[in-house]
Amino acid sequence: MFFPRPRKIRRYKDIVRFLIKHANRDFIRGTGLEREVIGSQKLKGDPIQFVRDLELLGPTFVKLGQIFSTRADLLPKPYIEALSRLQDEVEPFAWQDVEKTIVQELGHPIATLFADFESTPMAAGSLGQVHRAHLHTGQQVAVKIQRPAIQSIILEDLDIIQEIAGTVDRHTEIGRKYMFEEMVDEFRKTLLRELDYTLEQQNLLIMGKILQPYPDMGVPRPIDSHCTSKVLTMEYVRGVPLQDHPGLRNNCFPQGRELAEQLFKSYLDQVLVEGFFHADPHPGNIFITDTEKLILLDLGMVSRIAPRSQENLLKLLLALSEGDGHEVAKISLKIATRLPGLDENKFIRQVGDMVLLYKDATVAQMQAGHVVMELARIATANNIRPAPELTTLGKALLHLDEIGRVLDPAFNPAQALKEHSESILRRHLLKSFSSARAFSSLLEGRELMEKFPRRLNEFTESLSRNEVEVKVRAFDESRLMGHLQSMTNRVTMGIVLAALILGAAMLTNVPSDHTVFGYPIIAMVFFVIAAAWGFALVISIFLQDRKSRKMPR
C-alpha cells in the first residue's frame with residue numbers, strides 16, 4: 001500500500017491552510033471554491049498579506065505568484081498590483097553548497113576556475129544566488145549558482161498543484177471555465193526552463209543581438225566556458241537598479257526620456273518583430289550603468305510569440321493607440337476562445353468605453369499594461385478566455401509603465417508606438433517575403449504543376465464516361481464574361497501593384513549614394529509608380545462600378 005511522504009502531507013496542509021485563509025469575497029468570490037474550501041465563511045481580503053503568505057510557501061509559489069500577476073481576468077486589481085511587486089529575495093544558502101555545485105558542474109576547484117571568488121553573495125533568490133568573482137584573465141564576472149535540490153522540491157510542489165488544479169477543474173464551474181490544469185502545465189514548462197541555466201545563457205545571446213540597434217541598452221555577455229545547467233557566469237555589470245539611481249529619485253535625469261523611448265521601442269521589437277521578449281522587466285531586473293546605459297538582467301523568464309500572434313498583437317496595440325475601441329474588441333475576439341454565454345455586443349460596448357477613457361493619456365495618467373489587463377478582465381466577464389500572449393504582454397507592459405514613470409513621467413507610450421509602427425510594419429513585410437517563405441511558395445507551385453496533369457486526365461475521363469453533371473441557370477453569357485474579364489484584370493493589376501510595393505520596400509534597405517528623404521531614388525520611383533497605379537485602379541473601379549449600377553438588370 002502506498003503512503004505519501006511526510007513532506008508532501010505537510011505541503012498539502014500548508015496549501016489548504018493558505019486557501020482557507022484567503023478564500024474571501026475579494027479573492028475567489030464566485031469561483032465556486034468557497035463551498036469546497038470553507039463553506040459559507042467570509043473573511044476580509046488583504047492583498048499585501050496574501051503576497052506575504054505566498055512568499056512563505058516557498059520558491060514554487062513565489063514563481064506562481066509572478067505568473068498570476070498577469071491574470072487580471074482571474075484576480076482583482078489590488079491583488080495584481082501586489083503580486084507585481086512580489087520580491088524574489090530569500091536567505092542565501094551556505095558557501096559549502098556553492099563550492100560543491102561549482103566543482104560538480106565545472107569539474108575543477110574554484111581556485112582553478114577563478115582568480116578570486118567572493119564567498120558572500122551579491123543577491124539571493126528563490127532559485128539561486130549570485131556571487132562576484134574574477135577570471136584569471138582579470139575580467140570581473142557575476143556567477144549565478146542554483147540552489148541545492150531546488151528542482152526536486154519544485155517538482156513535488158508542482159505535482160501537488162496539478163492535483164489540486166485537476167480537482168478544481170472537475171468539480172467547480174470556475175475550473176471548467178478557466179482550465180487551471182492547462183495553466184499548471186504551462187507553468188511547469190516555464191519554471192523548468194528557468195531552472196536550466198544553459199537556456200538562460202542562450203537567451204542572453206539572443207537578446208544581445210536583438211538590442212544591437214539600441215546603443216544605450218544591452219545584456220551581460222555569458223562566459224561560455226564557465227556555464228552549465230546549474231552555473232551561469234556572466235560579465236559583471238557596474239551599476240545600480242533603476243529605482244536606486246539618485247538622479248531618477250530626485251527627478252533630475254535629462255537622459256530619462258531617451259532611455260524610456262529606447263526601452264519601449266526595443267520591447268515593441270522584441271514582442272512584435274522578433275517574437276522573443278524578456279517576460280519579467282520589473283525595475284529590479286534593469287540596471288543603469290555608470291555610463292548611463294540600461295542593462296536587462298535575469299533572462300531566465302522569457303516568452304515567445306508565434307508570427308501570426310505577433311501580427312494580431314500589433315493590430316491590437318495600433319488600435320489601442322488610435323483609440324479605436326471597436327477594432328480592439330474585434331481583434332480580441334479573434335485571438336481569444338469564446339465560451340458559452342458570450343454577449344458579443346456587450347463586450348464590444350464595454351471595450352469601446354474603456355479605450356475612450358485612456359485615449360491620448362500620458363504615463364502619468366494612463367498605464368498601458370493596466371489597459372491590456374483591463375481588456376483581459378472585460379473579456380473574462382463576458383465569457384471569453386483571453387489569449388495567453390495577451391496576458392503575458394499585459395504583465396510586461398505593466399512593468400514598462402512603472403519603469404517609464406521612473407525614467408520620464410511625461411513619456412507617452414501611444415505616441416511612441418505610432419512613431420515606431422512604420423519600422424515594425426516594414427520589418428514584418430520583409431520577414432513575410434523571406435527566402436524560406438519564397439521557397440515554400442515555389443514548392444507549393446511545383447506540387448500544383450505535378451498534380452495538374454493527373455487531375456486533368458481524371459476530369460476528361462469522367463467527361464467521356466458522361467459522369468460530369470452541370471447545373472445551369474439562365475444568364476447573359478456576354479455580360480458574365482465581361483464581368484469575369486474585368487475581375488481578372490483587377491486581380492492581375494492588384495498582384496502587380498503588390499509586387500511593386502514589395503520591391504520598393506526591399507530596396508529601401510539597399511545602400512545608395514542617390515537618395516530622396518533618406519531613401520534610395522529607385523525605391524522612391526517604385527513607390528510613386530505604385531501610388532499612381534493604385535490611384536488609377538481605384539478610379540477605374542469606381543467608374544466601372546458606377547456604370548454597372550446604371551445598366552438595366
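What follows is a set of questions and replies about cavities and strands in this predicted model.

Me: What is the numbering, and what do the values rest on?
Reply: Residues are numbered from 1 along each chain as its sequence is written. Local features need pLDDT of at least 70 and side-chain atom pairs pLDDT 80 or more, while totals for chains, interfaces and linings use all residues, and side-chain values use heavy atoms, without hydrogens and water.

Me: What makes a space in this structure a cavity?
Reply: On a 1 Å grid over the protein atoms alone, a cavity is a set of points where a 1.4 Å probe fits but cannot get out. Points are joined across faces, edges and corners, and the volume is the space filled by probe spheres set on them. By that test the whole structure holds four cavities of 30 Å³ or more. The second largest has a volume of about 80 Å³.

Me: Which residues count as lining the second largest cavity, and which are closest to its centre?
Reply: A lining residue has an atom within 4 Å of a point. The second largest cavity has 11 of them, and F264, L400, D401, G404 and F411 are the closest to its centre. Helix α18 (388-407) gives the largest share, five residues, and α13 (256-274) also supplies at least two. A helix here is a DSSP run of H or I with at least four residues, and a strand a run of E with at least two, numbered from the N terminus.

Me: How do you know that strand β4 is mostly covered?
Reply: Buried means under 20% relative accessible area (1.4 Å probe, protein chains only). In β4 (residues 140-146), seven of seven residues are buried. Q140, A142, K144 and Q146 point one way and V141, V143 and I145 the other. In a regular strand the side chains alternate between the two faces of the sheet.

Me: Why are β3 and β4 called paired?
Reply: Two strands pair if DSSP finds at least two bridges between them. β3 (residues 128-134) and β4 have seven, in the antiparallel sense, so they are paired. One bridge sets H134 against Q140. Five residues lie between the strands of this hairpin, where G138 takes a positive phi near 100°. β4 is also joined to β6 (residues 231-235) by five antiparallel bridges, with I145 and V231 as partners.

Me: What makes β5 and β7 edge strands?
Reply: The open sheet of four strands has the order β5-β10-β9-β7, with mixed pairing. β5 (217-218) and β7 (239-241) each have a single partner strand, so one side of each lacks a neighbour in the sheet. For β7, three antiparallel bridges lead to β9 (residues 286-289), and V240 is the partner of I288.

Note on methods: On a 1 Å grid over the protein atoms alone, a cavity is a set of points where a 1.4 Å probe fits but cannot get out, and a pocket is an open set with protein on both sides within 12 Å along at least five of seven lines; lining residues have an atom within 4 Å of a point. Buried means under 20% relative accessible area, exposed over 50%, partly exposed in between (1.4 Å probe, protein chains only).
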